Amino acid sequence: MALKAVIFDLDGVIVFTDKFHYQAWKKMADRLDIYFDETINNRLRGVSRMDSLDIILERYDKEPLSLAKKEELASQKNDEYRELLKTMTPDDVSDEVRETLAEIRKRGYKIALGSSSRNAKFILERVALTDAFDEISDGTNISKSKPDPEVFLKGAEFLGEKPEDCLVVEDAEAGIDAGIAGGMKTAAIGEAVGCGKADYALDTFQDLLKILV
Ligand code: B16
Ligand code: MG
């Protein structure tokens with residue numbers, strides 16, 4: 001089946017906000033006296049905010065926290081994260097990414113975003129990239145986080161394309177698993193290449209142009 005559309009993950013593929021997630025989670029972990037490092041942060045790639053909090057709380061050895069308290073912690077983290085996002089500018093997207101997205105569209109493929117983030121639209125506005133996407137599926141329109149395929153299935157539905165005609169581009173193993181579970185083709189970049197599960201392994205973002213001919 002010929003590919004008709006591409007669904008891109010955001011963080012780790014188009015922009016790199018993991019450093020901001022790390023800084024904001026680290027502040028919270030320090031306040032609660034929980035050990036947290038970059039290796040644990042890597043486990044949060046593609047994972048929803050509340051699921052990320054649960055991963056960090058695996059090392060919390062005091063009384064279990066109520067849902068209300070957890071929601072307060074997640075919301076505080078998000079406020080701090082959004083302050084850091086405000087420092088982002090169009091320079092945070094490489095020319096390679098911008099030009100490749102434009103060329104993919106020129107070649108006739110539709111383009112959607114498939115991100116777990118509830119801040120995805122805000123990030124795209126900060127980096128002036130909203131117009132590069134025909135549709136946006138993000139953390140605000142899903143109830144199940146990757147590796148569940150919901151975010152990508154919604155992206156395909158928004159585009160009006162069948163899942164099997166879509167290519168998912170992901171930097172997280174959970175995202176590759178989600179694409180496979182959704183019946184889509186998958187392309188891994190960065191960290192996700194190592195899992196060896198994707199149909200394609202990308203060395204660079206513009207390698208997509210070799211697949212999307
Ligand atoms: P938020 P992606 C994901 O974005 C991040 O990789 C993950 O670290 C984060 O926890 C998740 O979004 C939720 O983000 O707190 O902004 O809703 O990789 O799916 O684009
Ligand atoms: Mg990602």
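Colleague: Which protein donors does the magnesium ion (ligand 2) have, and how far do they lie from it?

Modeller: Donors are N, O and S atoms within 2.8 Å of the metal (3.2 Å for Na, K and Ca), and water is not among the atoms, so sites may look incomplete. Here the protein donors of the magnesium ion are Asp9 (OD), Asp11 (O) and Asp171 (OD), and they lie 2.0 to 2.2 Å from the ion. Before we go on, note that residues are numbered from 1 along each chain as its sequence is written, while chains are lettered from A and ligands numbered from 1 in the order in which they are written. This is a predicted model, in which local features need pLDDT of at least 70, side-chain atom pairs count only at pLDDT 80 or more, and totals for chains, interfaces and linings use all residues; side-chain values use heavy atoms, leaving out hydrogens and water.

Colleague: How are these donor residues spaced in sequence?

Modeller: The spacing is D-x1-D-x159-D. Asp11, in the loop between β1 (5–8) and α1 (18–31), and Asp171, in the loop between β4 and α8, are 160 residues apart, and the pair links distant parts of the chain. Such helices (H or I, at least four residues) and strands (E, at least two) are DSSP runs, numbered from the N terminus.

Colleague: Are Asp11 and Asp171 buried or exposed?

Modeller: Buried means under 20% relative accessible area, exposed means over 50%, and partly exposed is in between, with a 1.4 Å probe and protein chains only. Asp171 counts as buried because its relative accessibility is 4%, whereas Asp11, at 22%, counts as partly exposed.

Colleague: How many residues surround ligand 1, and which are the closest?

Modeller: A residue is near a molecule if one of its heavy atoms lies within 4 Å of it. For ligand 1 there are 17 surrounding residues, of which the closest are Val47, Ser115, Ser117, Arg118 and Asn119. A backbone N or O atom of Val47 lies 2.6 Å from an oxygen atom of the ligand, a polar side-chain atom of Ser115 lies 2.7 Å from an oxygen atom, and a polar backbone atom of Arg118 is also 2.7 Å from an oxygen atom. Taken alone, ligand 1 exposes 470 Å², and the protein buries 98% of that; such areas come from the Shrake-Rupley method with a 1.4 Å probe, and for residues only the protein chains shown count as cover.

Colleague: Where is Glu161, and which residues does it contact?

Modeller: Contact means heavy atoms within 4.5 Å. Glu161 is in the loop between α7 and β4, and it counts as buried because its relative accessible area is 16%. Leaving aside neighbours within four places in sequence, Glu161 is in contact with Lys4, Ala5, Lys110, Ala156 and Cys166. With the side chain of Lys110, the side chain of Glu161 makes a polar contact at 3.0 Å. A polar contact is a pair of N or O atoms within 3.5 Å; within protein, one must be able to donate a hydrogen and the other to accept it, and residues adjacent in sequence count only if both atoms are side-chain atoms.

Colleague: What should I look for in the backbone angles?

Modeller: Most residues other than glycine have a negative phi, and most peptide bonds are trans. Asp33, which is not a glycine, has a positive phi of about 60 degrees; Asp33 lies in the loop between α1 and α2 (38–42) and is exposed, with a relative accessible area of 64%. Ala128 likewise has a positive phi, near 55 degrees, in the loop between α6 (120–126) and β3. As for peptide bonds, a cis bond joins Lys146 and Pro147, with omega about 20 degrees, and Pro147 is in the loop between β3 (135–137) and α7.

Colleague: Which residues of helix α8 are buried, and what covers them?

Modeller: In α8 (residues 173–181), the buried residues are Ala174, Gly175, Ile176, Ala178 and Gly179, and their cover includes α7 (150–159), β4 (166–170) and β5 (185–189). Gly183, which follows α8, has a positive phi near 80 degrees.

Colleague: How is the chain divided into domains?

Modeller: Domain bounds come from an automatic or database domain assignment. The chain is divided into domain 1 (5–16 + 91–211) and domain 2 (18–85), and their contact takes 13 residues from domain 1 and 14 residues from domain 2.
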